[in-house]
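Visitor: Could you walk me through how to read a few features of a model like this one? I would like the general idea and then the case at hand.

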Amino acid sequence: MFQADLFRTATFRLTLAFVVAIISGMLLQFALVYVQMNGYELERSNDLLQREAALLVRETPEQLEYEVRERSKTDLRVILNGAALFDLDHNMIVGDIKTWPQGLTLASRPQRVWIDPPGDRAYEMRFLAMEVLGPPGSDHRILVLARSMHMADELRYITKRAALISVVPIVVFALLAGIFLSHRALGRVKEMHEAIDLIMDGDVHERLPAGREQDDLERLAGSVNRMLDRLEHLLDEIRNVGNDIAHDLRTPLARVRARLERAAATPHDAEYLNATIAQATLDLDQCFSIITALLRIGEIENGRRRAGFAQMDLSALIADIADLYEPIAETEGISLAVHGINQPITLYGDVDLLNEVLANLIDNAIKFTPAGGSVSVAAGAHDDGKIWLKVTDTGIGIPEDEREAVVGRFYRSDKSRHVPGSGLGLSLVSAILRLHGATLQIMANREDMKMPGSVFSVLFPAVSHNDISVTFG
Amino acid sequence: MTPAHEHGAARPTDPIARILLIEDDASIAAEVVDELKTRGYDVRHENTGRKGLDEGRSRKYDLMIVDRMLPELDGLSVIEALREQNITVPVLVLSALSAVDDRVSGLKAGGDDYLTKPFAMEELAARLEALMRRPNDSRATMIHVGPLSMDLIERRVTRDGRDVELLPREFRLLEYMMRRPGTVLTRTMLLEDVWNYRFIPQTNLVDVHIGKLRRKVDGPGEAPLIHSIRGAGFSLRVPG
């Protein structure tokens, strides 16, 4: 079982691939060495033949004849393997090359010629044929020098053997190293498996052994650990949200229950009962609004809403919402101003959802700004194509340490406990903005201890070409 | 003492309108049937998509209420099947899903309006009524309701000859109301149809708008035309 695992590890497979690569590399190297050496040997052969010929040519015909004859008897045949003098009709005069090699011509460069002796295997030799003077009064002669290719053959043989001999230990060594490394990797993977099993059994605090994150496996474990940290954090958040929801639902439900109980306990007139029913309905509506908002946040966070994305005009949207909220701002004694929307601002997004963002931001701003204050909405495009949107008010503001929390699920500042609402408006806003790839920043509006006001600053990503093609595609 | 008796004037026109409810949740169905009967409708209830479709094909109904999630055959398929047979009865789709996409697909399938559970009975009743009383011919360039006259080309409104100066948004709101005189219009309907809103804001937005409009339309000493209907919404109604 363990054996089988070993051969299945990534490291082992990698080792095998490595072995193949090494062998290929080695063979290539040997081939290259062989080609180089062979070329060198040929070069040397030519050189030797030519030098020898140059020496012999300078001698007198008699001396040359003597030399050729003697050489054929005494030369150890290290440099020249054959030498002969032929007449111009290719008949041998003296020497140890009995017949004129077929295809050989007079030339200053040595030539390769295949010799095919009857009853023996054909072999290749290098020949150099050049005209020399004959004895006085007779014709010119042809000096033929020959050198065998045995050096090149030997070279080929030696390289082949060397290659074969060196492959075996290298393969064995690489395999052993592979098994050793895989074994180690397998051991570490086993530890990780054990840690994961613990986590799956519910021990959410367990982490993978990541060491100092020095190699890729440890870095991977480190990434997984960070992911687990994030998940654990989210789990905690969800657990808290669960508590918050329970708490926020409990309050209106408890009120309904108490009211109904009191109405049922003692006889009352119809008017009282009607009022009780109306109030109970209102409280239940608040419960529903919390549940609806939660469902919507879940829906948006699941990211299923990108279907409604299209190119839209933020200016027109702002104008519409401002139109909707102007009367209410007026009745609250707040001035609602709009800036920078004289020309269209193109944005890629979901009109209905962005409608909700704007409405929530303006609604909040109006809610938390006392009479006499002002709320302003402005938007525009930066040079880099990013689109900004700001909703500014002169209201009670949000303390710095609460700014991050207000966009979380269900957060309500103690200051806002008395203001009706699901408490989820800003959570919805941030969920929708996340879906749009936009960021939300909350700042104080001004240096005023009592009424610092707030600036809700949204930055949308630039409309990219992709988005547009999706829109029309 | 149900609220229904408070505004009997909104009762459907004779003869008694027949409504088919296709809903598998027994308790919601019972509530709806009760409520609609109290309001004087003739209601029939089926609890599966298959039975509902058969019933809808076999008899003529003035209106249908179809739940989206139904056993055997889902609500959208029921509506599509009816529309394929050229049965043009107005359909109100009910759904536990709030997604806007969902609403769109409901309307695309041939539904005429869409209501998310949980809903107030008043909301349901108002929407049914609005569905059965189709708005006035929208090609007309003049709309008249009692003493009110609206000129859609000149963008002018007069009451008994008195000019009523309206902002564009007020004009749109009044136009919507004048096309549906006598009908109860809920806050949600107004937000959805006049302002194209797909969600319900927390504040009393609509009330403020209606308040402003009312002050302009119903001058001092004049009989009120814009009425608030407690627990339901608003209605433009000519007295008498």
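Visitor: Let me begin with a single residue: is Asp160(B) buried or exposed?

Guide: Bear in mind that this is a predicted model. Asp160(B) is exposed, because only 12 or fewer C-beta neighbours are allowed for that label and Asp160(B) has 10 other C-beta atoms within 10 Å. Asp160(B) sits in the loop between strand 8 and strand 9 (162-164) of chain B.

Visitor: What is the sign of phi at Asp160(B)?

Guide: The general idea is that most residues other than glycine have a negative phi. Asp160(B), although not a glycine, has a positive phi of about 50°. Arg155(B) is another non-glycine residue with a positive phi, of about 55°. Arg155(B) lies in the loop between strand 7 (148-151) and strand 8 (156-159) of chain B, and it counts as exposed, with 11 C-beta neighbours inside 10 Å.

Visitor: Now to helices. Which residues are buried in helix 6 of chain B?

Guide: In general, an α-helix has 3.6 residues a turn, so residues three or four places apart point the same way. In helix 6 (residues 168-178) of chain B, the buried residues are Leu173(B), Leu174(B), Met177(B) and Met178(B). These residues are on the same side of helix 6 of chain B because they cover an arc of only 130° around the axis.

Visitor: At what angle do helix 6 and helix 8 of chain B pack?

Guide: Two packed helices are described by the angle between their axes and the distance between the axes. Here helix 6 and helix 8 (residues 205-217) of chain B pack at about 85°, and their axes are 10 Å apart. That angle makes the two helices of chain B roughly perpendicular. On the helix 6 side, Glu170(B), Leu173(B) and Leu174(B) take part in the meeting; on the helix 8 side, the partners are His209(B), Lys212(B), Leu213(B), Lys216(B) and Val217(B).

Visitor: Turning to chain A, which residues does the "transmembrane region" annotation cover?

Guide: According to the unreviewed UniProt entry, that annotation covers residues 12-35 and 162-181 of chain A. In the model, residues 12-35 of chain A are 100% helix, with end C-alpha atoms 35 Å apart. Residues 162-181 of chain A are also 100% helix, and their end C-alpha atoms are 29 Å apart.

Visitor: What is the mean pLDDT of chain A?

Guide: The mean is 81, and 90% of the residues of chain A reach 70 or more. Look with care at residues 413-418 of chain A, where pLDDT stays under 50, and at residues 467-473 of chain A, where pLDDT also stays under 50.

Methods: Residues numbered from 1 in each chain as written. Chains lettered and ligands numbered in written order. Predicted model: local features only at pLDDT ≥ 70, side-chain atom pairs only at ≥ 80, totals over all residues. UniProt positions renumbered as here; feature names shortened; annotations may be inferred. Helix = DSSP H or I, 4+ residues; strand = E, 2+ residues; numbered from the N terminus. pLDDT = per-residue confidence, 0-100. Contact = placed C-beta atoms within 7 Å. Buried ≥ 20, exposed ≤ 12 C-beta atoms within 10 Å, placed from the backbone. Arc of directions from axis to C-beta. Axes fitted to C-alpha atoms, helices over the stretch in contact; angles between N-to-C directions. Parallel < 35°, antiparallel > 145°, perpendicular 65-115°, else oblique.
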